Amino acid sequence: MTPLTAHLKKRIASGGPITIADYMAECLLHPEHGYYTTRDPFGTGGDFTTAPEISQMFGELIGLCLTQTWLDQGQPGRVILAELGPGRGTLMADILRAGKAAPGFLRAAEVWLVEASPLLRSRQRETLGEVRWADSVDELPDRPLFLVANEFFDALPIRQFQRDGETWRERQVGLQNGKLQLGLGGPVTRPDLAHRTDTQDGDIVEICPAGGPIIASITTRIAQNGGVALIIDYGGWRSLGDTLQAVKDHQPVPVLDHPGEADLTAHVDFEALAQAAQATATTQITPQGVFLERLGITARAQALAQRLGGDALTRHIAAHRRLTHPEEMGNLFKVLGLHPKGALPPPGLTP
Ligand code: SAH
């Protein structure tokens with residue numbers, strides 16, 4: 001039994017079943033035993049590999065996109081370059097290298113990272129040196145905001161509701177015969193799910209209570225001061241069904257079996273995020289493969305290939321494919337851009 005399993009059983013035994021969101025929050029960010037609190041989970045020796053860890057091309061193209069947007073918005077003098085959930089800091093390092101194409105952008109930019117895990121903060125310090133950290137978007141200084149979030153929103157706790165006639169029953173984590181067990185709460189009405197007329201009895205829908213307020217805070221800043229946000233994650237326009245997933249050693253595992261020792265994520269519902277972005281314009285959600293191709297990943301891949309041979313070249317070609325091919329990350333992952341109303345959308349997100 002993991003230490004977190006013991007803690008969860010105690011909590012449920014005394015307070016009753018907990019929501020999926022409570023379960024996720026405990027598993028991912030419990031101050032002592034949480035998944036992100038206790039480890040660096042990325043890469044081949046870890047549990048999963050993210051786009052910036054696959055190839056430097058990913059971060060370089062994001063960096064070019066942000067830099068071009070800064071140029072398009074008239075090169076504002078002091079801006080915040082922020083990342084949510086930066087993992088090892090690899091994406092930001094690649095953004096900063098690409099930003100050298102427009103040195104004025106780097107001079108104008110103050111780097112801020114929003115990161116909950118102290119362990120990952122120190123990992124980010126190793127990669128990036130002394131930057132600034134915040135616990136939430138609300139703490140970022142009030143200036144034009146150039147923000148990126150890759151695989152951040154999928155780690156935010158979700159709640160799940162199963163349709164039962166005109167009511168909904170919440171999926172919960174309880175105890176049965178001393179073991180963690182999924183169950184359903186009593187029927188409740190959910191005005192926030194009234195628009196889910198696309199569902200039938202037994203269907204599960206997910207909401208991410210933390211997502212909307214974070215987007216609202218980002219868009220208020222961008223509407224007032226300028227800037228852009230690029231939200232990259234897996235999911236679709238409207239989520240349907242149970243998408244909660246646990247991953248350990250690059251393999252899916254049952255969601256209740258390894259509390260604190262497996263990554264837990266859910267698909268991002270981009271419709272809900274776009275609806276919270278009233279203060280700014282939103283782009284259409286664009287498949288990651290299309291976005292990277294429009295920004296020139298193939299030309300960049302060819303240029304880098306000139307200097308490679310043997311295994312390194314094989315790995316490089318595989319990385320290009322993995323980031324862009326529809327059967328790999330190219331289609332499952334989407335990019336949503338938020339920008340001031342009336343400003344040009346960021347490159348790569350319009351046909
Ligand atoms: N963007 C990185 C890492 C993705 S993993 C990459 O693409 O490689 C999710 C990241 O979000 C981790 O750094 C994790 O510690 C952080 N995180 C998760 N929940 C968070 C929260 N509520 N607030 C701040 N950071 C969070």
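Here are some questions and answers about the core and pockets of this predicted model.

Reader: Which residues touch the most other members of the largest nonpolar core?

Author: That core counts 41 residues. Nonpolar side chains tend to be buried together in soluble globular proteins. In this core, the two that touch the most other members are I62 and L81.

Reader: OK, and which helix gives the most to this core?

Author: The top contributor puts in seven residues. It spans residues 56-72, and that's helix α5.

Reader: What is I62 in contact with, leaving aside its neighbours within four places in sequence?

Author: Here contact means heavy atoms within 4.5 Å. With those neighbours set aside, the partners of I62 are L91, I95, V148, L230, I232 and F291.

Reader: Now the largest pocket: which element supplies the largest share of its lining?

Author: This pocket has a volume of about 680 Å³, and 36 residues line it. Elements giving at least two lining residues each include α4 (51-54), β2 (79-84) and α9 (211-225). The largest share is four residues, and it comes from α2.

Reader: How do the lining residues of the largest pocket divide by class?

Author: Lying nearest the centre of the largest pocket are G85, A116, F152, A155 and L156. Gly counts as polar here. Over the lining of the largest pocket, the split is 22 nonpolar, seven polar and seven charged.

Reader: And which residues lie nearest the centre of the second largest pocket?

Author: The second largest pocket comes in at about 460 Å³, and its lining has seven nonpolar, five polar and six charged residues. Of the 18 residues in that lining, those nearest the centre are F48, T49, Q245, V247 and F333.

Definitions and conventions: Residues numbered from 1 in each chain as written. Predicted model: local features only at pLDDT ≥ 70, side-chain atom pairs only at ≥ 80, totals over all residues. Heavy atoms only, no water. Core = buried A, V, L, I, M, F, W, Y, C linked by side-chain atoms within 4.5 Å. Buried < 20%, exposed > 50% of the residue type's maximum accessible area, 1.4 Å probe, protein only. 1 Å grid on protein atoms, 1.4 Å probe; cavity = no way out; pocket = protein on both sides within 12 Å on 5 of 7 lines; lining within 4 Å. Points joined across faces, edges and corners; volume = space filled by probe spheres on them.
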